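Colleague: I'd like a close look at a single part of this protein. Please start there, then set that part in the whole chain.

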Amino acid sequence: MTRSTPGRLLRGAALALAALVLTACAGLPTSGGVSVGRELGQSSQDVDFLPVASGPITGAGPEGIVEGFLEAGITTSDSWATARKFLSPSLQRTWRPSAGVSVDSGTDTRTITSDVPADQVEDADTAEVQVMLDLVASVDEAGAYSEALGASNMPFTLQRMEDGEWRITQAPDGVVIDETRFVNVYDGYPLQYFDLSWSRLVSDMRWFPRSQSPATAVTRALIGGAPSDWLDSAVQNAFPVDVQLAQDAVPVVGQVAEVALTRPATGLDDTTLARMRTQLQATLKAAGVAITGVQFKVDGRSLDAGTVDVVEPTADIGTLVLQDGAFGRIVGDEITPIADISDDISAFEQPVRSIQVATDDSRAAVQLADGHVYLAGAGNPVELDARPGLIEPSLDPYGYTWTVPAGEPGAVKAIGSDGAAHDVAKAWPTASDISNLRVAADGTRVAAVITAGKQRWVVVAAVVRDSSGVPVEMGDIKQLIRIAEPAIDLVWFGPDRLGVLVDPSAPRLLTQMVGGPGAAEAAPTDAVAAAGARSAAGVRILGTGGQLFAHAGSAWREVASGVSVLGTRVGE
């Protein structure tokens, strides 16, 4: 017997939802209509409601039990106690809901197939049920999110219990949640790992149920956990593998997170302990936990742990523009020049195509109309790359300018301020074309828009550097989102999100989380460039006519005109 789930009265009876939860909570779509995404960690409501499902309905058949079980995946409290009510006693003990999440496009797209016809259910004692899902993403057991487009089949075995009620005796581990409710049930938390130089912290997004304590969830993931596979080659964890949590909870007392560790922690040196504390404090703060510090304990006794210095992200410093031949920060109608850079840029005889400025304002990577790339600064511009077909360059925090021709994605070069070019190995090996490339502010991740197998993807990869900071190779590619239209521009919006301008005929701005869902909104007509910011309010977009646009609520307003180039800073 085959039928689809739309319109069934059972769904309405099986769910007891908190008032207005489903109508008030909207997810972040990876594609589709115009919507503005909320900031990472920001609740979609003033009051934090969680969807609540009810248990099995007396007399429900095999298909109804499976459908109710799937819906109960939204109620994560008490280790999915509601969902376990749909299982046989033996399966209740062995089923592992935390094994992962299958995120599908919606309950109305699920199709249920049973081997027991409806008119024979009363006479049957066992049943096999198949559920076909329209997947959009998945979350693994470690909380790592990946896009996963396509159909997926989930098999279930059911049996009539002694009381006459059907229960599931075999089911896949993990839960199923539709994409519109996923961000109401799970929250994204950016774990922090050290780069290979122990000088910078790098975000690695993970997703955990909102019913869990954030302090406990992220601490447990960091201690005894590992970085995501795609990032692993370029980061490191300060916590040794033999040091584990001694208690399965992390209380916060007086804004201090008290973390009980196993006894091997007592033998660690001061530097390791300081790195551990720095890494965990940064992770807890990035997760939104209100703490002033972390206190390690072993057998109830405190460990004396300091902290280490790390390179902190730079604050927003205003909008960089080239306007009427003058380059600098624009405030109102005034341009404030940048010493050593502005004069060099004004001196170029050719029109300037793109400008990216170093964090300390000491230099800028500049591309001219002929495509050649220069390093400007201190009154002595140096030509770095004159290969034909170069896309816009990207300057990284170590002072290397990344260049690559559009038709040769694997020919990535990182060129130092001395003009020495270094080939970056393993660069986009599956790509046939590349249109955009941007290195993150941590210098450990690089994003790009590539074409692979006739499909256009927004992707990221880890950057592996040698001991002197030279980029030597890239790690494995992580696909973030497939886009149908050409990309106009690519920028970083802080450490965890990318902004992608797409579709020259009808521009849209995609805000794509690295390791999470995304959002889409209409961009100004004829948009040609974007500049990143720490929040959506700071995003700037340039139009073909030289108009500079900023957010005004959910709309865009013109804030300047006569702009020929919208500059960016390292990490944008």
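Colleague: How many residues does helix H8 have, and how far does helix H8 reach from its first C-alpha to its last?

Modeller: Bear in mind that this is a predicted model. Helix H8 covers residues 270–286, which makes 17 residues. From first C-alpha to last, H8 reaches 24 Å. That is close to the 24 Å expected at 1.5 Å a residue.

Now the burial. The buried residues of H8 include Leu273, Met276, Leu280 and Leu284. Polar and charged names are on the list too: Thr272, Arg277, Thr278, Gln279, Gln281 and Thr283 are buried. Ala274 is buried as well. As a rule, an α-helix has 3.6 residues a turn, so residues three or four places apart point the same way.

What covers these buried residues? Among the elements that do so are helix H7 (214–222) and strand S8 (186–195). Strands S10 (235–236), S12 (256–260) and S13 (293–298) also take part in the cover.

Next, the whole chain. H8 sits in a protein chain with 9 helices and 39 strands. The radius of gyration is 26 Å, close to the 25 Å that the globule rule gives for 572 residues, so the chain is as compact as a globular protein of that length. Along its principal axes, the C-alpha trace spans about 85 × 60 × 40 Å. Of the 572 residues, 53% count as buried. Take contacts between residues at least 6 apart in sequence: 56% of them join residues at least 24 apart.

Last, surface and charge. The accessible surface comes to about 23,400 Å², with 49% belonging to carbon and sulfur atoms. The chain has 41 positive and 70 negative charges, and their mean positions are 4 Å apart.

How values were computed. Residues are numbered from 1 along each chain as its sequence is written. This is a predicted model: local features need pLDDT of at least 70, side-chain atom pairs count only at pLDDT 80 or more; totals for chains, interfaces and linings use all residues. Side-chain values use heavy atoms; hydrogens and water are left out. Helices (H or I, at least four residues) and strands (E, at least two) are DSSP runs, numbered from the N terminus. The radius of gyration is taken over C-alpha atoms; the globule rule is 2.2 Å times the number of residues to the power 0.38. Buried means under 20% relative accessible area, exposed over 50%, partly exposed in between (1.4 Å probe, protein chains only). Contact means heavy atoms within 4.5 Å. Accessible areas come from the Shrake-Rupley method with a 1.4 Å probe; for residues, only the protein chains shown count as cover. Lys and Arg count as positive and Asp and Glu as negative; His and the chain ends are not counted. The place of a charge is taken as NZ of Lys, CZ of Arg, CG of Asp or CD of Glu. The expected span of a helix is 1.5 Å times one less than its number of residues.
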